[in-house]
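Visitor: I'd like a walk through this one, with the reasoning behind each label. Could you bring it up first?

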Amino acid sequence: VVPVVAVLALTAAACGGDDEGDEGDGGTQQPTDVTIIHGTTDSVVSFDPAGSYDLGSWQIAYQVYNGLLEVPPGAGQPEFVLAESCQFDDPQTYTCSLRQGVTFHDGSEFTSEDVVASFERNILLDDPNGACSLLGSLADCGKWKGNEIDAPDDYTVTFNLRAPDATWPYILTVPTTYIVPSDAYPADALQPKT
């Protein structure tokens, strides 16, 4: 009987409220100054989206870069990030209107030129540690003709797919498709690790 009474007393104490006058928040008020530490034991192959296809690198990319779309935690459908809207014009043509007023970490303006350059360099670099293969609906790795993406203005891009691909919006959510500033990342090499 004594152990049961002790457990019940501890349980009741743990369920007790906070008498600090929190106006009924039940002690669930979240702290406003929080540090989140994200750790991994995986090695990081590259900080450049065109040169990584590994968990360690992608964990960093998720924190540093943005893509046109993302699938938020707990969701199942892509949502807009750098794109304001996207739609299939037909089964092989996918057009995105880009958000305006977005700047990169270096202060340069985000435009359709950056989107085209990011995809072009990823495909042309065809880095052995990269994920160019995920972009096969757009072009063969190592080969860029120049008609894969149309950019009729600074805030519109149209992906001209080689075949219908209903997964294309999901492909645009992975780090290999993250957009980098075209004037800061070399077209013919990965961004130096330094």
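Guide: Sure. Reading along the sequence, you get the pattern α-α-β-β-β-β-α-β-β-α, with 4 helices and 6 strands in the protein. This is a predicted model, so local features need pLDDT of at least 70 and side-chain atom pairs count only at pLDDT 80 or more, while totals for chains, interfaces and linings use all residues. Residues are numbered from 1 along each chain as its sequence is written, and side-chain values use heavy atoms, with hydrogens and water left out.

Visitor: What makes a stretch a helix or a strand here?

Guide: Both are DSSP runs, numbered from the N terminus: helices are H or I with at least four residues, strands are E with at least two. Helix α2, for one, covers residues 55-64.

Visitor: Why is Arg121 said to form a salt bridge with Asp48?

Guide: The rule asks for a side-chain nitrogen of Lys or Arg within 4 Å of a carboxyl oxygen of Asp or Glu. The closest N and O atoms of Arg121 and Asp48 are 2.8 Å apart, so the pair falls within that 4 Å limit. The two partners come from distant parts of the chain, 73 residues apart: Arg121 sits in helix α3 (residues 112-125), Asp48 in the loop between α1 (2-14) and α2.

Visitor: And are those two buried or exposed?

Guide: Buried means under 20% relative accessible area, exposed over 50%, and partly exposed in between (1.4 Å probe, protein chains only). Arg121 has 4%, so it is buried, and Asp48 has 1%, so that one is buried too. Across the protein, buried residues make up 37% of the 194 residues.

Visitor: How many salt bridges does the structure hold?

Guide: There are 2. Besides the Arg121 pair, Asp140 forms one with Arg162, where the closest N and O atoms are 2.9 Å apart. Asp140 lies in the loop between α3 and β5 (149-153) and Arg162 in the loop between β6 (156-160) and α4 (168-171), so the pair ties together parts that are 22 residues apart in sequence. Asp140 has 36% relative accessibility and therefore counts as partly exposed; Arg162, with 46%, is partly exposed as well.

Visitor: What makes something a cavity rather than a pocket?

Guide: On a 1 Å grid over the protein atoms alone, a cavity is a set of points where a 1.4 Å probe fits but cannot get out. A pocket is an open set with protein on both sides within 12 Å along at least five of seven lines, and lining residues have an atom within 4 Å of a point. Grid points are joined across faces, edges and corners, and a volume is the space filled by probe spheres set on the points.

Visitor: How many cavities of 30 Å³ or more are there?

Guide: The count comes to 1, with about 40 Å³ of space in it. Its lining includes our salt-bridge partners Asp48 and Arg121, along with Asn122 and Ala50, among others. Asn122 lies in helix α3 and is buried because its relative accessible area is 2%. Its C-alpha atom is 4.7 Å from that of Ala50, although the two are 72 residues apart along the chain.

Visitor: And what about the pockets?

Guide: The largest pocket has about 410 Å³ of space. It is lined by 22 residues, and the closest to its centre are Val64, Tyr65, His105, Pro181 and Tyr185. The lining divides into 14 nonpolar, 5 polar and 3 charged. Here Ala, Val, Leu, Ile, Met, Phe, Trp, Tyr, Cys and Pro count as nonpolar, Asp, Glu, Lys and Arg as charged, and the others, Gly among them, as polar. The second largest pocket holds about 260 Å³, and its lining includes Tyr65 and Tyr178.

Visitor: Why does Ile60 count as partly exposed?

Guide: Its relative accessibility is 33%, which puts Ile60 in the partly exposed class. Ile60 also forms a nonpolar surface patch with Val44, Phe47 and Val64, with about 290 Å² of accessible area together. Patch members need over 30% relative accessible area and no salt bridge; nonpolar side chains (Val, Leu, Ile, Met, Phe, Trp, Tyr) are joined within 5 Å, like charges within 9 Å. The areas come from the Shrake-Rupley method with a 1.4 Å probe, and for residues only the protein chains shown count as cover.

Visitor: Last one: what is the phi of Asp126?

Guide: Positive, at about 40°, although Asp126 is not a glycine. Most residues other than glycine have a negative phi. Asp126 is placed in the loop between α3 and β5, and is partly exposed because its relative accessible area is 35%.
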